[in-house]
Amino acid sequence: MQRSLYTPDHEAYRETVREFLTREVVPNQHSWDQERWIDRTVFSRAAKAGLYALQIGEQYGGAGEPDYRYRMVVCEEVSRVNALSFGLTLSLQDDLVLHYLLDLTNDEQKNRWLPGFASGEFIGALAMTEPEAGSDLRGIRTTARRSGDTWILNGQKTFISSGIMADVVVVAARTKPEGGSHAFSLFVVERDTPGFERGRKLDKIGLPAQDTAELYFRDATVPDANLLGEEGCGLQYLMSHLPRERLGVTAKSIATTRAIFDTTVEYCKQRKAFGGPLTDKQHIRFELAEMSTEIDIAQTYVDRSVLAYNAGELTPVDAAKGKWYMSELQKRVLDRCLQLHGGYGYMTEYPVARAYLDTRVQTIYGGTTEIMKEIIGRSIAAGS
């Protein structure tokens, strides 16, 4: 199906992204996975090449380009080479941390942090999840109390992507002991903050090169100048920024699904069984036909969501629909693609095996499938 999402400028950008990945990422993927760590110098080169942080204004060293279609191009090209740990780190910057910093910082804060992100010198993380608070943000127990011109943070965060590597962490904390929507605030905690400690780097079944960590705040002293936005508005900020995060998961899901499907089609054309290629078998052709149809239909929703986001019209409900459906479709399609590879699909030297593990988390982070359905269901029940 011919897509009309992109212009010649986007396709020219695609060539830049493709060339960078071929030169800087593909040769290093295996070693990064083995070491469970991405060489962070690649991010400064990626920023210089324009692979991320494009939305940062020119006065801070960025391109001032908000068009999400450029993010989609990066997602597609990263998925094409199966560099999903690297791609997730880029997404953490563009779809999470920078989205908060661009929207909520004052001029002084912008001058302090944005140039470092534009150059790739800074890596950011978002710390919401806690051992007993995942999708339920109101369950956050990390506290922040004012002490003169500083805040004292105490608590623990877990499953924090780039938690070890991050220089800047956006932390959600409870600033009022009582509940309610105005009980939480956001803070930017910098690497050398007294009382801020990194825990262990967590072992995961996928995305081995992308570090995920536990973070601890033990009387961590954060200056009042690092309060992000207004005190007591943290929950509203988190909720209002979730559509962008969920669009990011949707974009990665559709891109990886299509990339692995394409490699599976080629495998089925070349793999011989019972005297001919797998594609000689009607059952195999039917399997491929079903997956191709589902991917194409889903792609139209994703493309529409990207354009809606560009226009400022992507609603939380529409973002939730894309997030749960695409991540679940990805899970189903990759499982079938692995099956069609037979025993080779179980070998990590094949892209389908690595993608099968790397993408499994996408029905979980950014809000689980069940939470997405609850958001949509409540909207339907309310008649909105």
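**Exercise 1. Determine what covers the buried residues of helix α10, and identify those residues.**

Solution. The cover of the buried residues of α10 includes α5 (84–104), α7 (234–270) and α9 (316–340). Helix α10 itself runs over residues 351–358. Its buried residues are V352, A353, A355 and D358. The structure is a predicted model, and this holds for each exercise below.

**Exercise 2. Describe the overall build of the protein: how many helices and strands does it have, and how does its radius of gyration stand against the globule rule?**

Solution. Step one is the secondary structure: the protein has 11 helices and 10 strands. Step two is the radius of gyration, which is 21 Å; the globule rule gives 21 Å for 384 residues, so the protein is as compact as a globular protein of that length. Step three is the box filled by the C-alpha atoms, roughly 80 × 50 × 40 Å along the principal axes.

Step four concerns burial and contacts. Of the 384 residues, 54% are buried. Among contacts with a separation of 6 or more, 75% are between residues 24 or more positions apart.

Step five turns to the surface and the charges. The exposed area is about 17100 Å², and carbon and sulfur atoms supply 53% of it. There are 45 positive and 52 negative side chains, with the centres of the two sets 4 Å apart.

**Exercise 3. State which domains the assignment gives, and work out how many residues of domain 2 are in contact with domain 3.**

Solution. The assignment gives domain 1 as 8–119, domain 2 as 124–231 and domain 3 as 236–382. Between domain 2 and domain 3, the C-alpha centres lie 30 Å apart. Contact between these two domains involves 14 residues of domain 2 and 11 residues of domain 3.

**Exercise 4. Two phenylalanines, F159 and F274, have a positive phi. For each, find where it sits and decide whether it is buried or exposed.**

Solution. Take F159 to begin with. Its phi is about 60°, although the residue is not a glycine. F159 belongs to strand β3, residues 150–161. The relative accessible area of F159 is 57%; exposed means over 50%, so F159 is exposed.

Now take F274. Its phi is positive at about 55°, and F274 is not a glycine either. F274 is placed in the loop between β9 (272–273) and β10 (276–277). With a relative accessible area of 85%, F274 is exposed.

**Exercise 5. Place L92 in its element, decide whether it is buried or exposed, and list what it touches beyond four places in sequence.**

Solution. L92 lies in helix α5, one of the elements that cover the buried residues of α10. Its relative accessible area is 8%; buried means under 20%, so L92 is buried. Leaving out residues up to four places away in sequence, L92 touches V97, S161, S162 and Q210. V74 is 18 residues from L92 along the chain, and their C-alpha atoms are separated by 13 Å.

**Exercise 6. Place W113 in its element, decide whether it is buried or exposed, and list its contacts beyond four places in sequence.**

Solution. W113 is found in helix α6, residues 107–119. The relative accessibility of W113 is 1%, and it counts as buried. Beyond four places in sequence, W113 is in contact with L101, T105, F122, V168, V188, E190, A225 and N226. For L101, which is 12 residues from W113 along the chain, the C-alpha separation is 8.3 Å.

**Exercise 7. Which residues does A308 contact beyond four places in sequence, and is it buried or exposed?**

Solution. Begin with the element: A308 is in helix α8, residues 282–310. With a relative accessible area of 17%, A308 is buried, the cut-off being under 20%. With neighbours within four places left aside, A308 contacts E313 and L314. As a distance across the protein, A308 and N28 are 36 Å apart from C-alpha to C-alpha, with their positions 280 residues apart in sequence.

Terms used. Residues numbered from 1 in each chain as written. Predicted model: local features only at pLDDT ≥ 70, side-chain atom pairs only at ≥ 80, totals over all residues. Heavy atoms only, no water. Helix = DSSP H or I, 4+ residues; strand = E, 2+ residues; numbered from the N terminus. Rg over C-alpha atoms; globule rule 2.2 N^0.38 Å. Buried < 20%, exposed > 50% of the residue type's maximum accessible area, 1.4 Å probe, protein only. Contact = heavy atoms within 4.5 Å. Areas by Shrake-Rupley, 256 points an atom, 1.4 Å probe, with all protein chains shown as cover. Lys, Arg positive; Asp, Glu negative; His and termini not counted. Charge placed at Lys NZ, Arg CZ, Asp CG, Glu CD. Domains from an automatic or database assignment.
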